[in-house]
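Please open the model in a viewer and keep the sequence panel visible. The tour below proceeds by selection, with a note at each stop on what is found there.

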Amino acid sequence: MWALFIWVSLLLISITHWVYTWRNPKCRGKLPPGSMGFPLLGETIQFFKPNQTSDIPPFVKERVLKTLVNTCRYGSIFKTNLVGRPVIVSTDADLSYFVFQQEGRCFQSWYPDTFTNIFGRNNVGSLHGFMYKYLKSMVLTLFGHDGLKKMLPQVEITASKRLELWSNQDSVELKDATAGMIFDLTAKKLISHEPDKSSENLRANFVAFIQGLISFPFDIPGTAYHKCLQGREKAMKMLKSMLHERRKNPRKTPSDFFDYVIEEIQKEGTILTEDIALDLMFVLLFASFETTSLALTLAIKFLTDDSAVLKRLTEEHETILRNREDADSGLTWEEYKSMTYTFQFINETARLANIVPAIFRKALRDIKFKDYTIPAGWAVMVCPPAVHLNPEKYKDPLVFNPSRWEGSKVTNASKHFMAFGGGMRFCVGTDFTKLQMAAFLHTLVTKYRWEEIKGGDILRTPGLQFPNGYHIRLHKKETRECLG
C-alpha cells in the first residue's frame, strides 16, 4: 500500500512539475507576458477560431487590448503556445519591422510542421540562405520588371475576355470566377497548362487543397485537413507527370517557366533538385491565384459600397483612354505606371484585406527587445492586421479610404505597411499582383457597370480570409458611357 502511495505521489509531483514548467518556460531574461495555455495544446484551439469581422483577429485582440469584458491586457508583445511550439506574438510595428530586417542574422523563416506538411518540406518559405536567394532570382525572371512588361498585354486580354464572358451570365460568384481567371493565366505562364486541352483538372485539386488549408491539423479521413493533404498530393502528382513528360520531350525553344526550371535542373553541378522545383511550382500556382482573387473580390466589394471612390477611379482610367490616339489600343507600360490613384486604391485594399495575417519567423539566438527577451529557438508571429488597423497610424482604420495614401512614399513595404511581407523575404509576386489588379480594374470600370446580387460574407481565419458567395451582375456600358 505504501509503495502504491509513493508511486502515486511521485506521479502527481511529476505531472505538477511538468505543468509548471510548461506554463513557466525558462528564459535568460524577461519573457513577455502571456499564457502558454494547456500542456501540449497550448492556445491552438483559440488561435484557429474564425473571425467574422473586419477587425484584428479575436485571438490577438483579446490579448492585446483591455476591454470592459477582457481585463487581461498583455500589450503589443505577448507569449503563447501554438501546436506545441512556444511563440512570441508581435503586434508592435517596431519589433515586426526589426524581425523582417534581421532575416538571416537574428531570425529565419519558420512555419509549423503542419504548414510544411501542406506546402512541402522544400517549399521556398522553409529554405534559407543561398538556396532561397537562388530560387528568388529564378522567380524574378518571370515576375521581374522585364517579365511583367511582356506580360501586360496578355493580362489585359485575359481580363477583357473573362469580363465579356461574365457579362453574358445572369450573375457571377466573384471569388471563384476571378480565381479561375488568374489560375488559368498563371498556369499558362508557368507550365503552359490549358484546362480546355487537358484531361485532368489541375485547379480542382488546388481548390480541394485550399478548402482545408486553414483547419485543425488532424490527418484523419473525412477531416478538412486530410482533404487538403489529398488535394496537394493529387496536384503534385500532376505537376510531376508534366515535368517528366517535358524532360522526356524537351522543347526546342523555351516558352514557359517550366522550361527554364528544367534547364536549371539539367545543368552540371546544379543545386536545384526535382523535389525543390516541384514544391516551388506548387507554391507559385497557389500564391498567385488565391491571394490575388481574394484581393480583387474585396476591391470590387469596396467599389460597390463607395460611389465616390468608384467615380474617382473611373475618371483616372477614362483619362487614359481619352489621351490615346486610338481608345481601343491596349494598355501600355507607361499608362500602367501612370495609375496613381489606382495604386493608392490597391494599397488600401491590401491594408484592409490582410490576406496573410500571420507571418512566422524563428529566433536564431536570444534577442533583447525593449524590456523583453525572445529566447533562441522560439517562434515569432508577426501580425500585420494589428499594424494595419492601428488607429495611432491610420485614422479610422476600419474605413476604406484610398486617399490616405496620397503623398505617401510607401510603394510596397514599410514599418507600418506589411501586406506583402518585408525584408529580404518581401513577396516576389507583389508587382504581378498589382499588375493583374490594375489591368482588371481598368477594363472593368471603363467598359462595365455592375450591381450586387448577393453580398456574401467574409470569413477570416488565422491564415486567409474567404469572401463567400459574393455575386454580381455585369452590364456593358454604352459607347458614350465608356468615353465619359
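## First stop: a cysteine in a loop

Select C427, which is partly exposed at 36% relative accessibility. The model being viewed is a predicted one. C427 belongs to the loop between α16 and α17. Add A287 to the selection and draw the distance between the two C-alpha atoms: C427 and A287 are separated by 9.9 Å, although their positions lie 140 residues apart along the chain.

## The whole chain

Zoom out and colour by secondary structure. The chain contains 18 helices and 12 strands. Of its 484 residues, 50% are buried. Among contacts with a separation of 6 or more, 70% join residues 24 or more positions apart. With a surface displayed, the accessible area amounts to about 23500 Å², and carbon and sulfur atoms contribute 55% of that area.

## Salt bridges around K301

The chain holds 25 salt bridges by the rule applied here. Side chains of opposite charge can pair when their charged atoms come close.

Select K301 and show its side chain together with those of D305 and E452. K301 forms a salt bridge with D305, with 3.6 Å between the closest N and O atoms. These two residues share helix α12 (residues 274-305), where a spacing of 4 residues places them about one turn of the helix apart. K301 also meets E452 in a salt bridge, at 3.0 Å from N to O. This second pair connects distant parts of the chain, since K301 is in helix α12 and E452 is in strand β9 (residues 448-454), 151 residues apart.

How exposed or buried are the three partners? D305 has a relative accessibility of 52%, so it counts as exposed. K301, at 23%, counts as partly exposed, and E452, at 32%, is likewise classed as partly exposed.

## A buried glutamate and its partner

Next, select E348 and R404. Their closest N and O atoms are 3.0 Å apart, and the two residues form a salt bridge. The pair links distant parts of the chain: E348 is in helix α15 (residues 340-353), while R404 is in the loop between α16 (384-388) and α17 (430-447), with 56 residues separating them in sequence. E348 is buried, at a relative accessible area of 0%.

One further selection completes the tour of charged pairs. Display R246, R251, D256 and D259, which are linked in a network of salt bridges.

## The α7 and α8 helix pair

Two packed helices are described by the angle between their axes and the distance between the axes. Select helix α7 (residues 145-167) and helix α8 (residues 174-191), whose axes come within 11 Å and cross at roughly 145°. The crossing of α7 and α8 is right-handed.

Which residues in α7 and α8 meet? On the α7 side, show M151, Q154, V155, T158, A159, R162 and W166. On the α8 side, show A177, T178, G180, M181, D184, L185, K188 and K189. The residues of this contact divide into 7 nonpolar, 4 polar and 4 charged.

## F47 and F59

Move to helix α2 (residues 44-47), in which F47 lies. F47 has a relative accessible area of 12% and is therefore buried. Add F59 to the view: F47 and F59 are 12 residues apart in sequence, with a C-alpha to C-alpha distance of 5.6 Å.

## Two residues with positive phi

Select L40, in the loop between α1 (2-23) and α2. Its phi is near 75°, a positive value in a residue other than glycine. Is L40 buried or exposed? At 61% relative accessibility, L40 counts as exposed.

The last selection is D396, in the loop between α16 and α17. Here too phi is positive in a residue other than glycine, with a value near 45° for D396. D396 has a relative accessible area of 47% and is partly exposed; the limit for an exposed residue is over 50%. The loop between α16 and α17 is also where C427 is found, and the tour may be closed by selecting C427 once more.

Definitions and conventions. Residues numbered from 1 in each chain as written. Predicted model: local features only at pLDDT ≥ 70, side-chain atom pairs only at ≥ 80, totals over all residues. Heavy atoms only, no water. Buried < 20%, exposed > 50% of the residue type's maximum accessible area, 1.4 Å probe, protein only. Contact = heavy atoms within 4.5 Å. Areas by Shrake-Rupley, 256 points an atom, 1.4 Å probe, with all protein chains shown as cover. Salt bridge = Lys/Arg side-chain N within 4 Å of Asp/Glu carboxyl O. Axes fitted to C-alpha atoms, helices over the stretch in contact; angles between N-to-C directions. Left-handed = near helix turned anticlockwise from the far one by under 90°. Nonpolar A, V, L, I, M, F, W, Y, C, P; charged D, E, K, R; others polar.
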